[in-house]
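Visitor: I have a structure open here. Can you walk me through it?

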Protein chains: 4
Amino acid sequence: MAHTTANKEKLLLRIKKIKGQLGGIEKALEDEKECFNVLQQISAVRGAIQSLMSEVLDGHIKEHLGNHVSDEQREKEIENLASLLKSYLK
Amino acid sequence: MAHTTANKEKLLLRIKKIKGQLGGIEKALEDEKECFNVLQQISAVRGAIQSLMSEVLDGHIKEHLGNHVSDEQREKEIENLASLLKSYLK
Amino acid sequence: MAHTTANKEKLLLRIKKIKGQLGGIEKALEDEKECFNVLQQISAVRGAIQSLMSEVLDGHIKEHLGNHVSDEQREKEIENLASLLKSYLK
Amino acid sequence: MAHTTANKEKLLLRIKKIKGQLGGIEKALEDEKECFNVLQQISAVRGAIQSLMSEVLDGHIKEHLGNHVSDEQREKEIENLASLLKSYLK
């Protein structure tokens, strides 16, 4: 079972929380709150997304490249991971 | 009128789109899609958030530090901006 | 006097230290040290550069947009800063 | 042979170029060039370092996690890579 399945509930909860944060930004815009307030909230969402990325990536590397994976599958996963990181770290 | 007010509808649309992308990640998790698919979607959301931050920040700098702002207000905004960037660029 | 002039010695010292770190990477490559060691050192240099950027930017915002700056100069600086951040945060 | 060995000359050249860029910043500080000029140069060095990191990481993943690596070695490399990315993406 993949790590995203094992941690499904925990990950869904984090995404729900991020959606809640975006709802807060919508409300700040609707209420015409001061711009700096909006910037702080966007900055917090960026932090939450990066932390989510870091966690799912960590599980991905440990789970999908390890010794229990078939050679064929590992080769595919290595290509995928390398290409994802190239785009993410640009 | 602040730039976040002038662009309110456009910004709300972008946030709605990002919430839609998060909904896509929720669905991928629920359907137990492969982990790499989830990573790609999180990476896309990070890109969308950073692009939103960049745009709101651009408007903020042009709008809230300019010559039409009172000295007192500008002093406050400069402190705020410097502290936000310190945390955002860490 | 600009903040980069007031802090000149301190900034020069930081850059000298980063050049030293790069020298360490050169040595690790020459000695054919293991690749992971090289990655760790590049990651440390990235951290040092980002921290330098954050500090110079902080001084720049406080120094060059404040109330003592002429309207004409501030207008130019705002354009410059907005464009720099757009490229830096991409 | 590791990819950092195979590409040694190319990587050394890139690092030499980055040291040259840092020399340019030193000169700008010595000559008390305007601060914005210094910021632009630091931003360029950050870009060069990130691009170097991305390239070495790409080679690392393809070289050190693949099917030709022993199970024991791969286990160690996976732990190392996961921990490096956790710190790099923070």
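Guide: We can take chain A, then the contact of chain A and chain B, then one loop residue. This is a predicted model, where local features need pLDDT of at least 70, side-chain atom pairs count only at pLDDT 80 or more, and totals for chains, interfaces and linings use all residues. Residues are numbered from 1 along each chain as its sequence is written, chains are lettered from A and ligands numbered from 1 in the order in which they are written, and side-chain values use heavy atoms, with hydrogens and water left out.

Visitor: How many helices and strands are there in chain A?

Guide: Chain A has four helices and zero strands. Helices here are DSSP runs of H or I with at least four residues, strands are E runs of at least two, and both are numbered from the N terminus.

Visitor: What radius of gyration does chain A have?

Guide: Chain A has 17 Å, whereas a compact globule of 90 residues would have a value near 12 Å. The radius is taken over C-alpha atoms, and the globule rule is 2.2 Å times the number of residues to the power 0.38. The C-alpha trace of chain A spans about 55 × 30 × 15 Å along its principal axes.

Visitor: Now the contact. How many residues does it take from chain A and chain B?

Guide: It takes 42 residues from chain A and 42 residues from chain B, contact meaning heavy atoms within 4.5 Å.

Visitor: And what area is buried between chain A and chain B?

Guide: About 3900 Å², with carbon and sulfur atoms giving 72% of it. Buried area is the accessible area (1.4 Å probe) that two parts lose on being put together, summed over both. A:Leu29, A:Phe36 and A:Arg46 supply 16% of what chain A buries against chain B, more than any other three residues.

Visitor: How many salt bridges are there across that interface?

Guide: The rule finds four between chain A and chain B, counting a side-chain nitrogen of Lys or Arg within 4 Å of a carboxyl oxygen of Asp or Glu. One of them joins B:Lys8 to A:Glu32, with the closest N and O atoms 3.1 Å apart.

Visitor: Different topic. Where is C:Glu32 found?

Guide: C:Glu32 sits in the loop between helix H2 (8–30) and helix H3 (35–64) of chain C. C:Glu32 has a positive phi of about 50°, although it is not a glycine.

Visitor: Is C:Glu32 buried or exposed?

Guide: C:Glu32 is partly exposed, at a relative accessible area of 44%. Buried means under 20%, exposed over 50%, and partly exposed in between (1.4 Å probe, protein chains only).
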